[in-house]
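These are my notebook entries on a structure that I looked through for the first time. Each entry records what I looked up and what I found.

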Amino acid sequence: MKNIEITSQGIRRALKKYDYSRSISEYIWNGFDAHACEVSVDFEANAIGNISTISITDNGYGIRDINKFKPIFESEKEIDPSQIRVSSATHGKNGVGRLTFFTFAESATWKTVYKGKDGFYEQTIQVHGNSLHNFSPSEPQLTDKSAGTTVIFSGIHTITQHNFTDEIYKFICKEFAWFLELNRLRYFSLKINGEPVNYTSAIVGEQEDYCLKLQEYQFDIKFIRWKEGLNREYSRYYFIDSDNLEKCTRTTTLNNKGDKFFHSIYIKSNFFNSKSVPFFEGTIARFTDDGKVYEELIESVDVFLRQKRRPFLRGAAEKIVEDFEKSHIFPTFRNNTWDQYRRQELEDFIKELYQVEPKIFGSLNVEQKKVIVHFINLIIDSGERGKLIDILGEIVKLESSELQQLSESLKVSKLSNIIKTIRLIEDRYTAINELKELVFNKAMNANERDHIQKFIEKHYWIFGEQYHLITAAEPKFEKALRRYIFHLRGEKPLVAINHSDKNKEMDIFMVRQLHKDDHISNVVIELKHPNLNLGGKELEQVKKYMSVILEQEEFNASNMTWDFFLVGNDFSETNYIEREIKNAKHHGERSLAYYVDNYKIYVKKWSEIFTEFELRHRFLYDKLDLERSKLISSKNNANQVIENLDANSAIQGCEVLIPD
């Protein structure tokens, strides 16, 4: 078979996958391939960023063979730059890199100095973009210059100064970062317009140096995690001898995992001085002393890498869940305790699944992600968790240890959430039964201040989920206002209220801040003695609370609402409360007795509170098939109930306090 010389059109076609960033990188590689330790890229730009010339200079051994400008291929088959192996070995192939300038310039001129038989020679070679198959060399001339090459590009098109300082600079960092780090101790440098390429700030996400001693050898190890994937370099080990020369390289075990954990490991030791790494990897050599050292080294560094990867994956898993939430990939869950447990269980499993096999979500679009997440949620809800593991094992290639990890995660997650949910529901029913005893059973001898109020302080979820308890135990309004401001803004102001009723005392004052729409919902609860029937006097007391709040700017932002609850066993015989509720009936809310602006007053019987609880929890109660008889309180008096409040998991904590 005869070789053919490719035409200019054929060269363009063969190199069509090169863009200007990769082309410039090829010329930089030509310098390093020529054993240069210094390469400089320089360009001149005018006031509006247009570039007139670009030059790339290296101190390598020069171009000794001008036949490199005569690319010979077996055919005109397209050359794909992604298939070129980038390593510290010779990078170029058949001289094609020298002809890629047509992507950004009209012509290229090489001024090279190389060592010949009689000394150093200087020669100029010129190639035009419209005739890439032709080149014009000058006659070599003896010179006193040092070896090296400068290639000058003229007739610049496509590239501007902005391209250079942005995308080309970033491309160069991703292309040469691993190589410059590999040769850092040999003082290799790559500069652009006189400034060293700062790949550390550009793409280094994390780095760590440590030392490992195995037998009589010391290994100095440097780990680097890259923020982004390198252009054409896998995650690798680089083995370096005591003269800082790379002896060999091999990929790590964490490539192609779909997790973006891009990394390089540089291992320096005199262990590599006389032997190459392939020697240690031979079947027989593994049983030698040096082979065992090498195996132990790789095993140890692999453990280190996996330890580094674990927190990285946890962080990435958190971001995956955040992205899923923003893209509305998760099913809709209602804002109740049971649904929030279900949501948390699903999120936890998605995080675990990502950490075991990140690729499972990598190539999916939004709709596909939604389908698989909903599918996982259905199986988790169905209780057929074992089948989920089997199906995932068919979808992705998981090792047995990874499948076991997922399986254990599901079991722990399910058991934990079921236990927490059942305990919470049981304790809520127990709490409600105890409260019924306090307000209905006269034999308990319960009173408003010592028993009912203390009980509600711990179980204020009865009046609304996710509230913060600002004050309890009947604080004065000024103290309540200070706590309120501290909770909302973190400030500790000295406040004074100028109102005749400022010394009135609220039983319970709660606040809920909804960050989604910047809304602040406030609740004030006035509890009355079980033997006291509610009438006009009690309602007027609540209105006085409201009047104090109405006159304080801090309590009256436009995004605030106030709900006041007056709660007792029954209404008085005057029917005053019934008439007020009837008068406010047109607002369409049960138990509403007064409504003005952002303020509402509700008057409720304890029987209504208990009925509302039953309606909210009936579904879960039935599903869990709880035995009501076991939830009935066994306390004989009100004091026993209060003494054992903290044993109930349904309690919600304590008041908001201002630190000293």
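**Charges over rings.** I looked first at Arg64, whose charged end sits over the ring of Tyr61 at 4.2 Å from the ring centre. By the criterion I used, NZ of Lys or CZ of Arg must be within 6 Å of the ring centre and within 35 degrees of the ring normal. I also noted Lys600, whose charged end lies over the ring of Tyr595, 4.9 Å from its centre.

**Basis of the entries.** I am working from a predicted model, in which local features need pLDDT of at least 70 and side-chain atom pairs count only at pLDDT 80 or more, while totals for chains, interfaces and linings use all residues. Residues are numbered from 1 along each chain as its sequence is written, and side-chain values use heavy atoms, with hydrogens and water left out.

**Overall counts.** I recorded 18 helices and 22 strands for the protein; these are DSSP runs numbered from the N terminus, helices being H or I of at least four residues and strands E of at least two. Of the 660 residues, 48% are buried, where buried means under 20% relative accessible area, exposed over 50% and partly exposed in between, with a 1.4 Å probe and protein chains only. The accessible surface comes to about 33500 Å², and 47% of that surface belongs to carbon and sulfur atoms; the areas come from the Shrake-Rupley method with a 1.4 Å probe, and for residues only the protein chains shown count as cover. I then turned to contacts, meaning heavy atoms within 4.5 Å. Among contacts between residues at least 6 apart in sequence, 70% join residues at least 24 apart.

**The hairpin of S21 and S22.** I returned to the part of the chain that holds Lys600. Strand S21 (residues 592–596) and strand S22 (residues 599–605) run antiparallel and are joined by four bridges; two strands pair if DSSP finds at least two bridges between them. Leu592 stands opposite Tyr602 in S22. Two residues lie between the strands of this hairpin, and Asp597 takes a positive phi near 50°.

**Phe564.** I looked up Phe564 in strand S20 (residues 560–568). Is Phe564 buried or exposed? Phe564 counts as buried because its relative accessible area is 0%. Beyond its neighbours within four places in sequence, Phe564 is in contact with residues including Val524, Met546, Ile549, Lys600 and Tyr602. Another of these contacts is Ile601, which is 37 residues away in sequence and 4.6 Å away in space, C-alpha to C-alpha.

**Leu378.** For contrast in burial I took Leu378, in helix H9 (residues 366–382). Leu378 counts as exposed because its relative accessibility is 59%. Its C-alpha atom is 9.9 Å from that of Leu346, 32 residues apart along the chain.

**Strands S2, S3 and S9.** Strand S2 (residues 38–45) pairs with strand S3 (residues 51–58) in the antiparallel sense over seven bridges, and Asp42 stands opposite Ser55 in S3. The two strands form a hairpin with five residues between them, and Gly49 in the turn has a positive phi of about 95°. S3 also pairs with strand S9 (residues 148–154), antiparallel over six bridges; here Thr53 stands opposite Ser154.

**A five-stranded sheet.** I traced an open sheet of five strands with mixed pairing, in the order S12-S13-S16-S14-S15. Strand S12 (204–214) and strand S15 (246–251) are the edges, each pairing on one side only. S14 (residues 236–240) and S15 pair in the antiparallel sense over five bridges, with Arg236 opposite Thr251 in S15.

**Aromatic pairs.** How many aromatic pairs does the structure hold? I noted 34 aromatic pairs; rings of Phe, Tyr and Trp (its six-membered ring) pair if their centres lie within 6.5 Å, with planes under 30 degrees apart stacked, over 60 edge-to-face and the rest tilted. Phe223 and Phe304 have ring centres 5.6 Å apart and planes at 80°, so this pair is edge-to-face. Phe223 is in strand S13 (residues 217–226) and Phe304 in helix H6 (residues 289–326), 81 residues apart. Both Phe223 and Phe304 are buried. Tyr238 and Tyr266 have centres 5.0 Å apart and planes at 15°, so this pair is stacked. Tyr238 lies in S14 and Tyr266 in strand S16 (residues 262–268), so the pair ties together parts 28 residues apart in sequence. Tyr238 and Tyr266 are both buried, and ring pairs link them into a cluster with Trp29, Phe32, Phe176, Trp178, Phe179 and Phe188.
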